[in-house]
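Let's take a friendly walk through a protein, from its surface to its interior. Have a look at the picture first, and then follow along.

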Amino acid sequence: MIFYRGKIENKDVVYLASGIGKTNASRGTTILIEKFLPELIINFGVAGAYPLSGLRIGGIAVAEKETYGDEGLFLQDGFHTLEIMGIPLLKRTRKEYFNEFSLGKKLVERAVKSSSYQKKDIRSGNFVTVSTCSGTKKRAIELKRRFDAICENMEGAAVAHICAIYGIPMLEIRGISNIVQDRDIKKWDLKLASENCQRVVINFLKSCS
């Protein structure tokens, strides 16, 4: 893994492209925290928005909560989160974490407020982290309803998990590259999503004292 050190808007930053998936994200986040002791982790990239989320391609999503979408138990009546097993992923300062990791409300509000985008182009809400990306509209609607989520990704909950272990605040910002439906990558715009997300991250850094 390659870590880049520098300054953005007079802020000391360390940048890492962790790679796809929960394991790569967990490894990168752990090394970053152990080696550089950051005050804040900003996890940013692209995501697929769920239908009826109010998001569109090129829009921005900010996570209020990250949820592991696959960890749990599947019974005859369907999927259940880890609470049904009674085994938390993490215990810290008397708090038990199962599938969900809430993120700092003030950080979310600042990220939304500092964006130069109109309100219709940026939205905060719950994110779902999956190991298998949804490639059908049916699956997207199922996950949206189950977790009351606005979009899905493959890393965020793992980063939030590691940050919770170390007590490091985390902000997650994602550019919307596609609407999750029956898979058709011709409708995607990864470039637009990435560029818009980058602008919002820089605007956020400008707003930090």
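Is Met 85 buried, partly exposed or exposed? Keep in mind as you look that this is a predicted model. Met 85 has a relative accessible area of 40%. Because buried means under 20% and exposed means over 50%, Met 85 counts as partly exposed. You can find Met 85 in the loop that runs between strand E6 (78-80) and strand E7 (90-92).

Met 85 also has company. Together with Leu 73, Leu 75, Ile 84 and Ile 87, Met 85 forms a nonpolar patch on the surface. The accessible area of these residues adds up to about 410 Å².

**Into the interior**

Now let's go inside. The largest nonpolar core has 30 residues, and those that touch the most other members are Ile 41, Ala 61, Phe 101, Cys 151 and Ile 176. Which elements give two or more residues to this core? They are helix H1 (22-36), strand E3 (41-49), strand E4 (60-68), strand E11 (149-153), helix H4 (156-166) and strand E12 (170-179). The largest share comes from H4, with 7 residues.

Cys 151 is a good place to pause. Leaving out neighbours within four places in sequence, Cys 151 is in contact with residues including Ala 47, Ala 61, Phe 127, Val 128 and Ile 176. Apart from the largest core lies another one, made of 14 residues, and Ile 60, Val 62, Ile 122 and Phe 204 are among them.

**A helix with two faces**

Helix H3 (residues 137-147) is a nice one to study. Its buried residues are Ala 140, Leu 143 and Phe 147. Seen down the axis of H3, the buried residues fall within an arc of 70 degrees, so they line one face of the helix. There is a general idea to learn here: an α-helix has 3.6 residues a turn, so residues three or four places apart point the same way. What do the buried residues of H3 pack against? Their partners are E4, E6, strand E10 (122-129) and E11. The face turned away from the buried side of H3 carries the exposed residues Lys 138 and Arg 145.

H3 also holds charged partners. Arg 139, Glu 142 and Arg 146 are linked in a network of salt bridges. Glu 142 and Arg 139 are 3 residues apart in H3, which means that about one helical turn separates them. Glu 142 is partly exposed at 32% relative accessibility, and Arg 139 is partly exposed at 27%.

**Salt bridges at a glance**

How many salt bridges are there in the model? The count comes to 10 salt bridges. Here are some of them, with the N to O distance for each pair.

| Salt bridge | N to O distance |
|---|---|
| Glu 100 and Lys 65 | 3.4 Å |
| Lys 91 and Glu 96 | 3.7 Å |
| Glu 142 and Arg 139 | 3.2 Å |

Glu 100 lies in strand E9 (residues 100-102) and Lys 65 lies in strand E4, so their bridge ties together parts that are 35 residues apart in sequence. Glu 100 is partly exposed at 40% relative accessibility, whereas Lys 65 is buried at 16%. In the bridge between Lys 91 and Glu 96, Lys 91 is exposed, with a relative accessible area of 61%, and Glu 96 is partly exposed at 40%.

**Strands and backbone turns**

Let's finish with the start of the chain. Tyr 4 is found in strand E1 (residues 4-8) and is partly exposed, with a relative accessible area of 49%. Tyr 4 and Val 14 are 10 residues apart in sequence, while their C-alpha atoms are 5.4 Å apart in space. Not counting residues up to four places away in sequence, Tyr 4 touches Val 13, Val 14 and Tyr 15.

Where does Glu 9 lie? Glu 9 lies in the loop between E1 and strand E2 (11-15). Glu 9 is not a glycine, yet its phi is positive, at about 55 degrees. At 38% relative accessibility, Glu 9 is partly exposed.

Thr 93, also a residue other than glycine, has a positive phi near 45 degrees. Thr 93 lies in the loop between E7 and strand E8 (95-97), and counts as exposed at 69% relative accessibility. Asp 148, which follows H3, has a positive phi near 50 degrees.

How values were computed:
Residues are numbered from 1 along each chain as its sequence is written. This is a predicted model: local features need pLDDT of at least 70, side-chain atom pairs count only at pLDDT 80 or more; totals for chains, interfaces and linings use all residues. Side-chain values use heavy atoms; hydrogens and water are left out. Patches are made of residues with over 30% relative accessible area and no salt bridge: like charges are joined within 9 Å, nonpolar side chains (Val, Leu, Ile, Met, Phe, Trp, Tyr) within 5 Å. Accessible areas come from the Shrake-Rupley method with a 1.4 Å probe; for residues, only the protein chains shown count as cover. A salt bridge is a side-chain nitrogen of Lys or Arg within 4 Å of a carboxyl oxygen of Asp or Glu. Helices (H or I, at least four residues) and strands (E, at least two) are DSSP runs, numbered from the N terminus. Buried means under 20% relative accessible area, exposed over 50%, partly exposed in between (1.4 Å probe, protein chains only). A nonpolar core is a set of buried Ala, Val, Leu, Ile, Met, Phe, Trp, Tyr and Cys residues joined through side-chain atoms within 4.5 Å. Contact means heavy atoms within 4.5 Å. The arc is that of the directions from the helix axis to the C-beta atoms.
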